[in-house]
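Thanks for asking me to look this one over. My notes follow as numbered points, so you can tick them off with the structure open beside you.

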Amino acid sequence: MAEIIRMPRLSDTMEEGNIVSWLKKVGDPVKSGDILAEVETDKATMELESFFDGFLLHIGIPSGPVAVDGLIAIIGKKDEDVKAILASAGNPGVSTEPAKTEAAIVSTPVQQTQIEIPVPTIASTSQSDSRVKASPLAKSIANDMGVQLNSVPGSGENGRIVRKDVEAYAQQGSNQPIATPTVQGTAKKDFTYGDVPVSQMRKIIAKRLGESKFSAPHFYLTIEINMDNAVSARTSMNASGAYKISYNDMVIRASASALRQHPNINSSWLGDKITYHRNINIGVAVAVEDGLLVPVINNADTKQLSAINQEVKELAGKAKSKKLAPQEMTGNTFTISNLGMFDIEEFTAIINPPDACILAVGSIIKKPIVKDDQIVIGNMMKITLSCDHRVVDGASGAQFLQTLKSMLENPVMMLV
């Protein structure tokens, strides 16, 4: 019996996937574990893997967007009637039944294809690698491993190199030369001007933040915090060398503690109801090459600074290498966006749905302040809370910021 493969939903924000390329063509034999196609989601580009043996009888969309549950392909016996199968499946673009699991998206990400931006020039592992027939994922993995693609035998169609070929080559410990990419000087790649197709990630960013900005009535509250005690506390905590606690870690932990005291901030507007979340799950905005990802620190109010530090490092690393699992990017109840490392003194952020608020964190700046009627130099930091006025009122937001300020100015409070 033929197996109908549909576009799976890989995250709570995903509404469609984009077929980048097919690695099999109609009529090709397919075995369980074969890679059928590369699919771009709102988070990364991934491989579509078959769970069945047979022949690829039909390709629903050669390239382009497919709605979640839309028919992608049909696998079956070589002589099966495809027209009859399509007729029984109903509208190829809309599923009338729950999505089946005949195929899965492998969570190993592919480097997104974007316009080039000025970055340090990376020495290629081989001048001819760009001309080798290989999937984008195989190229990405080869670059990470420092493997020369022109030394890797391909098992795909017409000798195309796929992920498993690169991994097998690396595991064999081949005597073929393996180079390690190195940064050379300050040369820059050329910037490509003109029209560039919008990536699935950028489409989702535009859609969701546009909806947030124009549907949620935003208002903004800014407060300045004296970080002198936080600077001293961080210096003491990092003196042992066991951890390198960041100011962002401290903001996350203090925010989580403040949210526990102000549960009305840890909420979501759902149209006909407001949900006040029991768990405090803080999303941390991470800039990646082609957009923005928000990994989530679950139950942040129950975790020590050292645990938050390690989790943020791990999730940020996964975000930048596009290896985040869908469950690591969902469930946020409050979001923090920190641009302090870019010397941004103050900014406002757009609320990240379904949260009711987002905190924008600026840099710590040494400036003259009045303390005990004396002008002294203080380490000052501005933070701005963007609030959805349908859920949070000005007084509620201000009270939350006062609590957060008290915790950062007296770091021991966040440990109580």
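1. Let me start with the open sheet of six strands, which has the order β12-β21-β20-β19-β15-β18 and mixed pairing. At its edges stand β12 and β18 (296–297), each of which pairs on one side only. Please keep in mind throughout that this is a predicted model.

2. How is β12 held to strand β21 (residues 374–388)? Nine bridges join the two, and they run antiparallel. If you want one position to find the pairing by eye, look at I225, whose bridge partner in β21 is M381.

3. Two helices are worth viewing against this sheet. Helix α5 (residues 228–238) packs on the sheet and touches β12, β20 (357–371) and β21, with its direction at about 95 degrees to that of β21. Helix α6 (residues 247–261) lies across β15 (282–284), β19 (334–338), β20 and β21, and runs at about 155 degrees to β19. There is also a charge-on-ring arrangement to look at here: the charged end of R234 sits over the ring of Y247, 4.5 Å from its centre.

4. Within strand β20 you will find S363. Is S363 buried or exposed? Its relative accessible area is 8%, under the 20% cut-off, so S363 counts as buried. Beyond its neighbours within four places in sequence, S363 is in contact with G340, D343, I344, E345, M380, M381 and K382. You have already met M381 as the bridge partner of I225.

5. The loop between β19 and β20 deserves a careful look at its backbone. D343 lies in this loop, and its phi is near 65 degrees, a positive value in a residue other than glycine. With 66% relative accessibility, D343 counts as exposed, although D343 is among the contacts of the buried S363. P354 belongs to the loop between β19 and β20 as well, and a cis peptide bond joins P353 and P354, with omega at about 10 degrees.

6. Further along the chain, T403 has its place in helix α8 (residues 394–409). T403 is buried, at 14% relative accessibility. Leaving out residues up to four places away in sequence, T403 touches A258, Q261 and H262.

7. Now to a second open sheet, this one of four strands in the order β1-β8-β6-β3 with antiparallel pairing. Here β1 (3–6) and β3 (29–30) are the edge strands, each with a single partner, so one side of each has no neighbour in the sheet. Between β1 and strand β8 (residues 71–76) there are four bridges, and the two run antiparallel. I4 has I74 as its bridge partner in β8. Helix α1 (residues 82–89) packs on this sheet, where it touches β1, β6 (54–59) and β8, and its direction makes about 135 degrees with that of β8.

8. Strand β2 (residues 16–22) is worth a point of its own. Five of its seven residues are buried, so β2 is largely enclosed by the rest of the structure. Which strands does β2 pair with? Four bridges join it to strand β7 (residues 64–67), running antiparallel, and four bridges join β2 to strand β4 (residues 35–40), also antiparallel. I19 takes part in both pairings: it stands opposite G64 in β7 and opposite V39 in β4.

9. Another backbone spot to check is D69, in the loop between β7 and β8. D69 has a positive phi of about 75 degrees although it is not a glycine. At a relative accessible area of 21%, D69 counts as partly exposed.

10. Finally, a word on confidence. The mean pLDDT of the protein is 81, and 80% of its residues reach 70 or more. Among the elements, strand β12 (residues 218–226) has the highest mean pLDDT (98), and strand β10 (residues 120–122) the lowest (29). Over residues 91–130 the pLDDT stays under 50, and the model has 104 contacts beyond four places in sequence for them. The pLDDT is also below 50 over residues 174–189, a stretch with 34 contacts in the model beyond near neighbours in sequence. Where pLDDT is low, the predicted coordinates should not be read in detail.

Terms used:
Residues are numbered from 1 along each chain as its sequence is written. This is a predicted model: local features need pLDDT of at least 70, side-chain atom pairs count only at pLDDT 80 or more; totals for chains, interfaces and linings use all residues. Side-chain values use heavy atoms; hydrogens and water are left out. Buried means under 20% relative accessible area, exposed over 50%, partly exposed in between (1.4 Å probe, protein chains only). Two strands pair if DSSP finds at least two bridges between them. A charge sits over a ring if NZ of Lys or CZ of Arg is within 6 Å of the ring centre and within 35 degrees of the ring normal. Contact means heavy atoms within 4.5 Å. Axes are lines fitted to C-alpha atoms, for helices over the stretch in contact, and angles run from 0 to 180 degrees between N-to-C directions. pLDDT is the predictor's confidence in each residue, from 0 to 100.
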